[in-house]
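Student: Could you take me through one part of this structure slowly? I would like a close look at a surface patch and its surroundings.

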Amino acid sequence: MTIGAIMFYGGIALFAAALIGMIIANAVLSAKGKKLKELMKDRYGE
Amino acid sequence: MIKKGDVINGTYRIEDQIGAGGGGTVYKAYHLRLEKYVVVKRINDAWVGLMDSRKEADIIKNLKHQYLPQAYDFLRMEDGIYTVMDFVPGASLDKYIKSGYRFTQQQVLYWAKQITEALIYLHGLKPPIIHSDIKPANIMIDLEGNVCLIDFNVSMTSTPDSSISATSRGYAAPEQYLNITPINQPEPGKAYHPRFQFDMDTALDQRSDIYSLGATLYHLMTGQRPPKLPETQLPPIPADLPDFDEALINIVNKMTHYDPRERYQTAQEVYDDLCNIKRLDKRYRSHKRAKLVVNVVFPIIMVGAVVLGTAGFMQMRKEGDSAFDDKIAYADTLISNKDYENARRTYEEAIGMKPDRIEAYSGMLMVYSSQYDYDKVIEYGTTALAQHNFEAAGNSDKQIAQFEYILGDAYFAEENYDKAVEHYKKAVEFDQSNPEYYRDFAIALSRSAYVDSAEEMLQKATAMGLENASIALAKAEIDFAKGNYTEAAEGFKKAAQTSSDSALIQRAYLYLCRAYDRMGDNDGVIDTISKNVSVFTNDNVRIANIICAEAYLKKAETANETQRRQYAQQSIEYYKRVKDAGGASEQTLFNLVTAYQYVDDNQNAQAILNELVKDYPNDPDVYARLAILEADKQAKLSQTLRNYDNFKKYYEKAEKLDQHNRVSGTSSTYIKTMEQLMERLKKNNWIKE
């Protein structure tokens with residue numbers, strides 16, 4: 001495998017990993033955000 | 001001394017004393033005309049002399065805010081000054097505290113915001129009003145759960161002459177504790193609770209109210225009354241106070257900072273933080289930070305990945321180009337070494353790597369061209385052009401021009417000059433910097449009888465610096481096309497003699513022979529070839545031998561019997577070289593048969609024709625030549641031995657194969673000769689009808 005191929009396929013893999021990571025992280029944060037929103041409403045009101 | 005039942009100003013009947021503060025004493029009263037309860041406050045006598053009653057009256061009547069009581073009246077009576085305001089049904093926070101009520105964070109926050117709104121209003125008036133006595137006892141909670149900030153001291157307008165404040169110890173800001181003096185006296189039989197007058201070097205400002213509100217919130221949150229200043233400073237609320245979040249604790253701690261400069265500077269600032277308190281919450285901030293990280297860091301990584309991938313793609317292309325170029329260079333070397341099979345395979349591999357790069361196709365043309373397989377060059381080249389758009393694929397103009405030039409050369413070698421002109425024209429269109437393209441374009445044009453265009457191209461090539469030998473060669477071609485064979489021959493000679501390019505020299509000598517041939521100077525042809533035999537290489541050796549053999553054969557045709565055999569024998573020698581080298585065409589072999597017939601070597605003539613039958617089984621000319629040879633053989637026999645059965649057999653075969661040509665009137669001279677022989681044999685009764 002050439003350096004170019006390593007960079008190219010590495011870039012694709014990294015992009016895919018980052019995209020999946022971002023989707024998962026956002027899903028987790030979104031779920032946490034809902035709980036936090038309820039907590040904030042409970043603690044501080046509207 | 002006011003007591004229950006007293007009627008003030010004939011309007012307000014005192015019902016009960018409901019409070020007493022630094023500013024005065026507060027009573028619940030009944031408005032006799034409006035028939036509703038009001039609050040009447042008697043201003044402390046210590047302040048009376050300091051008040052501008054008319055001005056105070058105007059200010060107090062104009063106050064209007066949701067969380068402030070509405071002022072109705074301002075009375076200057078003999079026994080004191082009174083203000084009359086809305087009665088707020090409900091209870092003060094002080095009463096809640098005393099009852100041991102535990103406040104929730106939501107309640108504290110809700111009320112804090114409402115009080116702050118009231119302060120924003122008061123501080124925003126012109127001149128600003130400083131409440132100066134905010135404390136739980138002065139904050140009423142109405143029946144709907146909203147606050148009402150009562151007992152504000154109108155006289156505390158923040159004007160330069162308002163240097164006196166009435167306040168309650170613990171809730172008052174530290175800057176109010178300068179030169180304090182009690183303003184009340186001990187009363188017999190009662191516990192003494194001193195009230196202080198605070199003499200300020202500078203006027204109070206809104207930060208004092210902010211401190212007092214903070215101290216009030218401190219009390220609500222901790223359940224502990226703030227320590228009385230100035231003896232003890234208010235300690236910060238610990239961050240781990242149960243039931244309250246750090247965000248609110250931090251706001252209150254900032255509100256109650258000892259140094260006014262470290263506090264919130266305006267009520268608006270406090271209000272903003274209270275409204276956005278969740279943004280100060282570390283859990284909220286932590287969550288926001290995590291979202292920021294996710295939505296910034298991951299996209300950065302993705303952008304980085306795209307950059308990396310793009311760089312990788314570019315690098316791959318570069319590496320691919322490099323590998324492709326190496327392969328092409330290697331294949332070129334194989335052609336130089338005449339290893340055509342491996343060269344072809346290597347070019348095909350290169351095509352597999354980059355199907356749209358034209359260099360490999362040009363290489364393939366060179367492989368076939370180097371093997372003099374011009375038909376294959378033409379077939380491969382035209383197919384490649386039909387299947388690929390080399391121009392759109394980004395190949396350089398020079399590379400496309402080279403491809404077209406090689407294809408033009410192949411057509412030229414096949415003597416298809418019109419097609420050669422077509423491809424040479426494209427070559428010069430794509431690369432207008434190569435004079436050789438113009439030269440060969442000019443030669444092809446002259447061969448196609450486009451003499452004017454040929455001269456024009458030659459002029460362009462000359463202007464571009466085409467070398468003299470090439471100019472002479474092209475000019476000679478034009479002369480040849482014009483029929484000026486003598487000038488043409490001189491030009492070819494000059495080109496051959498002045499050039500240092502072996503290929504051009506060979507071309508010039510071959511073209512010179514062509515000029516001699518056209519002039520009927522067979523000796524000139526033979527002399528040119530025999531003197532320069534060592535000049536010719538590759539396929540030109542074959543061509544030179546054919547030209548020389550034809551010259552000898554032509555000489556034999558017109559010579560006497562003795563010389564004919566001699567010239568025919570010379571011709572046979574040259575033709576055999578061509579045949580032995582494997583480069584003999586059908587016509588060449590027919591000529592060799594003719595030469596053998598001149599020397600009466602019918603056996604070899606028959607052998608060659610038998611070979612031709614195998615190679616061209618459907619060619620009528622082959623059978624016509626066989627028939628002619630057979631007639632010649634029988635004619636040399638005595639009349640009694642002659643047998644024309646074989647002649648008839650070849651004749652019939654040739655006639656059968658030549659049906660199409662006969663219809664179109666394109667039968668060859670061999671057929672015609674054979675038919676004449678048949679007529680003669682029939683006429684002489686050698687063959688019956």
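Tutor: Happy to help; let's look at a patch of positive charge and then at what lies around it in the description. Please keep in mind that this is a predicted model.

The positive patch on the surface is built from A:Lys37 together with B:Lys278, B:Arg279, B:Lys288 and B:Lys291. Two elements of chain B each give two or more residues to the positive patch: helix 8 (277-280) and helix 9 (282-336). Let's pick out B:Lys291, which sits in helix 9 of chain B. Buried means under 20% relative accessible area and exposed means over 50%, so B:Lys291, at 33% relative accessibility, counts as partly exposed.

Now turn to chain A, which brings A:Lys37 to the patch. Chain A has one helix and zero strands, and its C-alpha trace spans about 60 × 10 × 10 Å along the principal axes. Of the 46 residues in chain A, 30% are buried. Its accessible surface is about 3100 Å², and carbon and sulfur atoms account for 72% of that.

For a contrast in charge, find the negative patch on the surface, where B:Asp373, B:Asp375, B:Glu379, B:Glu414 and B:Glu415 gather. One of them, B:Asp375, belongs to helix 12 (residues 374-387) of chain B.

Finally, visit helix 23 (residues 586-598) of chain B, whose 13 residues reach 19 Å from first C-alpha to last, close to the expected 18 Å. Here 11 of the 13 residues are buried, so helix 23 of chain B is largely enclosed by the rest of the structure. Among the buried ones are B:Leu589, B:Phe590 and B:Tyr596.

Terms used. Residues are numbered from 1 along each chain as its sequence is written. Chains are lettered from A and ligands numbered from 1 in the order in which they are written. This is a predicted model: local features need pLDDT of at least 70, side-chain atom pairs count only at pLDDT 80 or more; totals for chains, interfaces and linings use all residues. Side-chain values use heavy atoms; hydrogens and water are left out. Patches are made of residues with over 30% relative accessible area and no salt bridge: like charges are joined within 9 Å, nonpolar side chains (Val, Leu, Ile, Met, Phe, Trp, Tyr) within 5 Å. Accessible areas come from the Shrake-Rupley method with a 1.4 Å probe; for residues, only the protein chains shown count as cover. A salt bridge is a side-chain nitrogen of Lys or Arg within 4 Å of a carboxyl oxygen of Asp or Glu. Lys and Arg count as positive and Asp and Glu as negative; His and the chain ends are not counted. The place of a charge is taken as NZ of Lys, CZ of Arg, CG of Asp or CD of Glu. Helices (H or I, at least four residues) and strands (E, at least two) are DSSP runs, numbered from the N terminus. The expected span of a helix is 1.5 Å times one less than its number of residues. Buried means under 20% relative accessible area, exposed over 50%, partly exposed in between (1.4 Å probe, protein chains only).
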